[in-house]
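Notebook open, coffee poured. I want to jot down what I look up in this one as I go.

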Amino acid sequence: MRDVIDGGDQYRKTTPQELKRFQNFVKNCPPFDIVIDGLNVAKMFPKARESQVLERVVSQLAKQNLRVLVLGRKHMLTSRARWRKDEMEKVQKQASCFFADNISEDDPFLLYATLHSGNHCKFITKDLMRDHKACLADAKTQRLFFKWQQGHQLAIINKFPGSKLTFQHILSYDTVVQTTGDSWHIPYDEDLVERYSYEVPTKWLCLQRKT
């Protein structure tokens, strides 16, 4: 709360009044299973209408009996070509929704709601959260945040929304160097790139001590 949302100046990302309204909203709701960055998810498929994409994602999750929270901005409720009123009404029937002012940032609310809901809760956004990790005070906390992010951020991997969306599987193990004493397992990329969140190396170098 202090480092990511407040940062010494709440007005940079929200207002004290809106933050209090959001905290009360989350406090009075049962824990969520999925928290969605509505604006970010809606823009994942540029060829499709934003409200259509968001409604399809929410509908698929709701059919799995998951408790879903959609975070958005107030302009998403204004009926326009890219934001149809009937589709947004379907979103609001299938999920809890919180619409912040148009000048507010979504990500701090996303992180707060996910953490508040407990360790089972996952969140959906394409944002890699690099700016928020950078707000944290020390390297140890940043590594902890990155590890938490890897285990909680869901990614939609379809190129275009078809009849059913596919979510990238969250790994049940850490992509860090691991050893059993006489063998080592080292995750690596052939290209030297720094990865974030769900973008984890998929190749492993396995070394075993000769006997």
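**Entry 1: cysteines**

Is Cys-97 buried or exposed? I looked it up and Cys-97 is buried, with a relative accessible area of 18%. I keep in mind that this is a predicted model. The cut-off for buried is under 20%, so Cys-97 makes it at 18%. Cys-206 went the other way: it is exposed, at 52% relative accessible area. I also checked for disulfides, and the structure holds 0 of them.

**Entry 2: the whole chain**

I stepped back for the overview. The protein chain has 8 helices and 8 strands. It runs to 211 residues, and 42% of them count as buried. I then looked at contacts between residues at least 6 apart in sequence, and 70% of those join residues at least 24 apart.

**Entry 3: H2 against H6**

Next I pulled up helix H2, residues 16-27, and helix H6, residues 107-117. Their axes come within 11 Å and cross at roughly 25°. That angle makes H2 roughly parallel to H6, since anything under 35 degrees counts as such. I noted the crossing of H2 and H6 as right-handed.

Which residues of H2 meet H6? On the H2 side I listed Glu-18, Leu-19, Phe-22, Gln-23, Val-26 and Lys-27. Facing them in H6 are Phe-109, Tyr-112, Ala-113 and His-116. Sorted by class, this contact of H2 with H6 has 6 nonpolar, 2 polar and 2 charged residues.

**Entry 4: more on H6**

I stayed on H6 and asked how many of its residues are buried. The count is 9 of 11, so H6 is largely enclosed by the rest of the structure. Among the buried ones are Phe-109, Tyr-112 and Ala-113, which I had already written down as meeting H2. Asp-107 and Pro-108 are buried too, as is Ser-117. Right after H6 comes Gly-118, and I noted that its phi is positive, near 110°.

**Entry 5: H4 against H5**

I ran the same check on helix H4, residues 50-62, and helix H5, residues 85-94. Their axes are 9 Å apart and the two pack at an angle of about 25°. H4 and H5 are therefore roughly parallel to each other. I have their crossing down as left-handed, whereas H2 and H6 cross right-handed.

From H4, I listed Ser-51, Gln-52, Leu-54, Glu-55, Val-58, Ser-59 and Ala-62 as the residues that meet H5. H5 brings Glu-87, Met-88, Lys-90, Val-91 and Gln-94. By class, the contact of H4 with H5 has 5 nonpolar, 4 polar and 3 charged residues.

**Entry 6: Ala-155**

Where does Ala-155 lie? I found Ala-155 in the loop between strand S5 (153-154) and strand S6 (178-179). Ala-155 is buried, with a relative accessible area of 6%. I also checked Ala-155 against Gln-168: they are 13 residues apart in sequence and 5.3 Å apart in space, C-alpha to C-alpha.

**Entry 7: Pro-187**

Last lookup of the day. Pro-187 is in strand S7, residues 183-188, and at 17% relative accessibility it counts as buried. What does Pro-187 touch, not counting residues up to four places away in sequence? I wrote down Thr-175, Val-176, Val-177, Pro-201, Lys-203 and Trp-204. For Pro-201 I have a distance as well: its C-alpha is separated from that of Pro-187 by 6.0 Å, and the two are 14 residues apart along the chain.

Conventions. Residues are numbered from 1 along each chain as its sequence is written. This is a predicted model: local features need pLDDT of at least 70, side-chain atom pairs count only at pLDDT 80 or more; totals for chains, interfaces and linings use all residues. Side-chain values use heavy atoms; hydrogens and water are left out. Axes are lines fitted to C-alpha atoms, for helices over the stretch in contact, and angles run from 0 to 180 degrees between N-to-C directions. Helices (H or I, at least four residues) and strands (E, at least two) are DSSP runs, numbered from the N terminus. Angles under 35 degrees count as roughly parallel, over 145 as roughly antiparallel, 65 to 115 as roughly perpendicular and the rest as oblique. A crossing is left-handed if the near helix is turned anticlockwise from the far one by less than a right angle, and right-handed if clockwise. Contact means heavy atoms within 4.5 Å. Ala, Val, Leu, Ile, Met, Phe, Trp, Tyr, Cys and Pro count as nonpolar, Asp, Glu, Lys and Arg as charged, and the others, Gly among them, as polar. A disulfide is a pair of cysteine sulfur atoms within 2.5 Å. Buried means under 20% relative accessible area, exposed over 50%, partly exposed in between (1.4 Å probe, protein chains only).
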